[in-house]
Amino acid sequence: MDEQRAAAVPLTRAQRVLAGVGGLFFAGLAALGGYGSFASVRDVAEPWFGGQAWIVPAGVDLGILALVSVALLLEWLAMPMPALRWMAFAFTAATVWLNVSAAHGDPTGMVMHAAMPVLFITFIEAVRHAIRRRAGIAAGTVREGVPLARWLLAPFSTFRLWRRMVLWQITSYPHALTAEQRRRHALALLDAHYGRKKWRTRAPADVVWMLHDGVMLDQALARVTELTAPKPEPVAETPPAETPAPRRPAQKAPPRKPPTQKAPSEKAPAQKAPRGVATDNEARALAILDAEPGITGAELARRLDISSRQGQRLLSRLNRPAPTRTS
């Protein structure tokens, strides 16, 4: 609308001069037409009005000029009143009829009597069109026409485009084309995302309404772009790295007690396990006894993975005090 208002620039000097010359010609045409029709209409009205017959042509001509002037002024103020225009046409037609009646059926006389009123109305319509167009451009209410070539090449889509221009007061044809391009772009995105002709039931209701009626297309295209944008794949969250537990200082193995010497009279118990296994069990048992002096034989057997009986014997043997030698 701002661009259209900016288009209503003031007239140049040459345009003002040309408009002034046209106004003078119009004034001369109106004067000659009024003078020519005055005598004819007066003669026709004389049988009914007598000496006051001049009132009829003068009143009709002045009425036509008054109606035309007020109609043009209202058009200039962007407040047209069609009744004034049609009333001026009616009085002009009546004047033409009265002038034609004065010719008494002669075709040449009828054409001569009708020529100047027709020229007068044609000039008035040209002026009215210029004023209305310029006032509409200034107010942003003049709707540009759709080119004939588009009607011929794409009649159905052109009718829908023209219909939206009329319904939503889109006065600029290039703006209407840009809006139609955005609408079709949004439709193509929805067709690719939801499937052809399935977007009407799957897309949000407000987006469907905006695209169907061709309104708020900037907002509709933004919504469609947001709806059809590819969603990022969810990234698997890696668990936080566990802090390694502090290492405990290695415990030194308890000093190994020297094996007790047995008296020569004592008999060595029968060993059911190999010597290497027995020695290893004794070493482990000594380490356990040093750490836990009060351990039971069953618990010792469980830790050494031996039978309870063997664990009791091993505990008894290791807890037996070493014999002292007599000198």
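**Aromatic pairs, cavities and a pocket**

At 21% relative accessibility, Phe89 counts as partly exposed in this predicted model, since the partly exposed class covers what lies between under 20% for buried and over 50% for exposed. Trp86, by contrast, is exposed, with a relative accessible area of 52%. Both Trp86 and Phe89 belong to helix 4, which spans residues 82–101, and they are three residues apart, or about one turn of the helix. The model is a predicted one, and local features are therefore described where pLDDT is at least 70.

A total of four aromatic pairs is counted in the structure. In one of them, the ring centres of Phe26 and Phe120 lie 5.3 Å apart and the ring planes meet at 20°, so this pair is stacked, given that planes under 30 degrees apart are classed in that way. Distant parts of the chain are linked by this pair, as Phe26 is located in helix 2 (residues 13–49) and Phe120 in helix 5 (residues 107–139), with their positions 94 residues apart in numbering. Phe26 has a relative accessibility of 18% and therefore counts as buried, and Phe120, at 10%, likewise counts as buried. The pair formed by Trp86 and Phe89 is edge-to-face, with 5.5 Å from centre to centre and 80° between the planes. Phe26 and Phe120 also take part, together with Phe123, in one aromatic cluster. Trp86 has a further neighbour in Arg85, which lies over the face of the Trp86 ring at 5.3 Å from the ring centre.

Arg85 and Phe89 reappear among the residues that line the largest cavity, where they are joined by Leu67, Val68, Ala71, Leu72, Ala88, Ile124, Glu125 and Arg128. This cavity, which holds about 60 Å³ of space, is one of two cavities of 30 Å³ or more in the structure. Helix 3 (55–76), helix 4 and helix 5 each contribute at least two residues to the lining of the largest cavity, and helix 3 gives the most, with four residues. When the lining of the largest cavity is divided by class, seven residues are nonpolar, three are charged and none is polar.

The second largest cavity contains about 50 Å³ of space, and its lining is made up of Leu161, Arg164, Ile170, Ala176, Ala179, Glu180, Gly214 and Leu217. Helix 7 (155–167) and helix 8 (173–194) each supply at least two residues of the lining of this second cavity, with helix 8 giving the most, namely three residues. By class, the lining of the second largest cavity comprises five nonpolar, one polar and two charged residues.

Among the open pockets, the second largest has a volume of about 620 Å³. It is lined by 20 residues, of which Leu11, Ala19, Val127, Ala130 and Ile131 are the closest to its centre. Two or more residues of the lining of this pocket come from each of helix 2, helix 3 and helix 5, and helix 5 gives the most, with nine residues. The lining of the second largest pocket is divided by class into 15 nonpolar, four polar and one charged residues.

Methods. Residues numbered from 1 in each chain as written. Predicted model: local features only at pLDDT ≥ 70, side-chain atom pairs only at ≥ 80, totals over all residues. Heavy atoms only, no water. Phe/Tyr/Trp six-rings, centres within 6.5 Å; stacked < 30°, edge-to-face > 60°. Buried < 20%, exposed > 50% of the residue type's maximum accessible area, 1.4 Å probe, protein only. Lys NZ or Arg CZ within 6 Å of the ring centre and 35° of its normal. 1 Å grid on protein atoms, 1.4 Å probe; cavity = no way out; pocket = protein on both sides within 12 Å on 5 of 7 lines; lining within 4 Å. Points joined across faces, edges and corners; volume = space filled by probe spheres on them. Nonpolar A, V, L, I, M, F, W, Y, C, P; charged D, E, K, R; others polar.
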